[in-house]
Amino acid sequence: MRKEEITRCEWIKGKPDYYVEYHDNVWGKPEYNDQELFKWLSLEIFHIGLSWQLVLSKYENFIDAFDGFEVQKVAVYGDNKIEELMEDEGIIRYRRKIEATINNAKRFLDIQDEFGSFSDYIWGFSNHEQVVKMFDEHLTKSDLSDQVTEDFKKRGFKFIGSVTMYSFLQAIGIINDHDLDCDFR
Ligand SMILES: [Zn+2]
């Protein structure tokens, strides 16, 4: 296929290359790897109140600063590491989000203990099937994101509301919200 023949979602038009790459290779694509799932969950925490483009523009810095979001490592970050992150100009420095990420790493490990993998747990909410957009609409949350959020809150995750959850579910491909005519649908 020649490049000019590719049809993408309307919203990605005019965005920088790294954002287009994310649209093409990550967004809406089923992800089952726990390490990847924890990374995208954590980046969605930093997304809150800011643009996703801003988060993605700092993607490599985040990966470096957070040890590749290796969940076992993040779960044991102490005060020194928090201070180090607060001084890192390459990332979004917001103490409560950093603390939430560390807390969430611990809760993530709890889920791995209980379900064998976080992937099995999170995909269980959609009976291990992708929810594919059928109408030309742009949702910011849904019954599914409400339901998963409620369970996350019970389990002690922090900084997760239904809109953030919806964005996470789109990122990891449980929800496929590509436009009906997008080639990546
Ligand atoms: Zn698309």
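# A walk through the predicted model

Glu87 sits in the loop that joins α6 (79-86) to α7 (95-115). The model is a predicted one, and this loop residue is a convenient place to enter it. With a relative accessibility of 62%, Glu87 counts as exposed, because the threshold for that class is over 50%. Asp177 lies 90 residues away from Glu87 along the chain, and the C-alpha atoms of the two are separated by 36 Å.

From here the account turns to charged pairs. Side chains of opposite charge can pair when their charged atoms come close. The structure holds 11 salt bridges. One of them joins Arg8 to Asp24, with 2.6 Å between the closest N and O atoms. This pair links distant parts of the chain: Arg8 belongs to the segment before α1, Asp24 belongs to helix α1, and their positions lie 16 residues apart in the numbering. Both partners, Arg8 and Asp24, are buried.

Glu70 and Lys73 also meet through their side chains in a salt bridge, at 3.9 Å from N to O. The cut-off for a salt bridge is 4 Å, so the pair is counted. Glu70 has a relative accessible area of 32% and is partly exposed. Lys73 is likewise partly exposed, at 40% relative accessibility.

Arg155 and Asp151 form another salt bridge, and their closest N and O atoms are 2.8 Å apart. Here the two partners fall into separate classes of exposure. Arg155 is partly exposed, with a relative accessible area of 25%, whereas Asp151 is buried, with a relative accessible area of 17%. The class boundary is 20%, so Asp151 falls under it. Salt bridges can also join up into a network, as they do among Asp67, Lys81 and Glu84.

Aromatic side chains provide another set of contacts. The structure holds 23 aromatic pairs. Among them is the pair of Tyr22 and Trp40, whose ring centres are 5.4 Å apart and whose planes make an angle of 55°. The pair counts as tilted because the angle lies between the limits of 30 and 60 degrees. Tyr22 is in helix α1 (residues 17-25) and Trp40 is in helix α2 (residues 34-47), so the pair links parts of the chain that are distant, 18 residues apart. Tyr22 is buried, with a relative accessible area of 5%, and Trp40 is buried with a value of 5% as well. Helix α1 thus appears in two of the contacts described, through Asp24 and through Tyr22.

The surface carries patches of like character. Val132, Met134 and Phe135 form a nonpolar one, and their accessible area together is about 320 Å². Met134 lies in the loop between β1 (131-132) and α9 (143-154). At 57% relative accessibility, Met134 counts as exposed.

The loop between β1 and α9 also holds Glu137, which takes part in a negative surface patch with Asp136, Asp181 and Asp183. Glu137 is partly exposed, with a relative accessible area of 35%. Asp183 lies in the segment after β2 (175-176), and at 40% relative accessibility Asp183 counts as partly exposed. A residue needs over 30% relative accessible area to join a patch, so Glu137 and Asp183 pass that condition at 35% and 40%. Glu137 can also be placed relative to Ala171: the two are 34 residues apart in sequence, and their C-alpha atoms are 17 Å apart in space.

The last stop is the backbone. Most residues other than glycine have a negative phi, and most peptide bonds are trans. Asn127 has a positive phi, near 50°, and is not a glycine. Asn127 is placed in the loop between α8 (118-124) and β1, and is exposed, with a relative accessible area of 62%. Phe159 has a positive phi too, of about 65°, although it is not a glycine. Phe159 is found in the loop between α9 and α10 (162-171). With a relative accessible area of 23%, Phe159 is partly exposed.

Notes: Residues are numbered from 1 along each chain as its sequence is written. This is a predicted model: local features need pLDDT of at least 70, side-chain atom pairs count only at pLDDT 80 or more; totals for chains, interfaces and linings use all residues. Side-chain values use heavy atoms; hydrogens and water are left out. Patches are made of residues with over 30% relative accessible area and no salt bridge: like charges are joined within 9 Å, nonpolar side chains (Val, Leu, Ile, Met, Phe, Trp, Tyr) within 5 Å. Accessible areas come from the Shrake-Rupley method with a 1.4 Å probe; for residues, only the protein chains shown count as cover. Lys and Arg count as positive and Asp and Glu as negative; His and the chain ends are not counted. The place of a charge is taken as NZ of Lys, CZ of Arg, CG of Asp or CD of Glu. Helices (H or I, at least four residues) and strands (E, at least two) are DSSP runs, numbered from the N terminus. Buried means under 20% relative accessible area, exposed over 50%, partly exposed in between (1.4 Å probe, protein chains only). Rings of Phe, Tyr and Trp (its six-membered ring) pair if their centres lie within 6.5 Å; planes under 30 degrees apart count as stacked, over 60 as edge-to-face and the rest as tilted.
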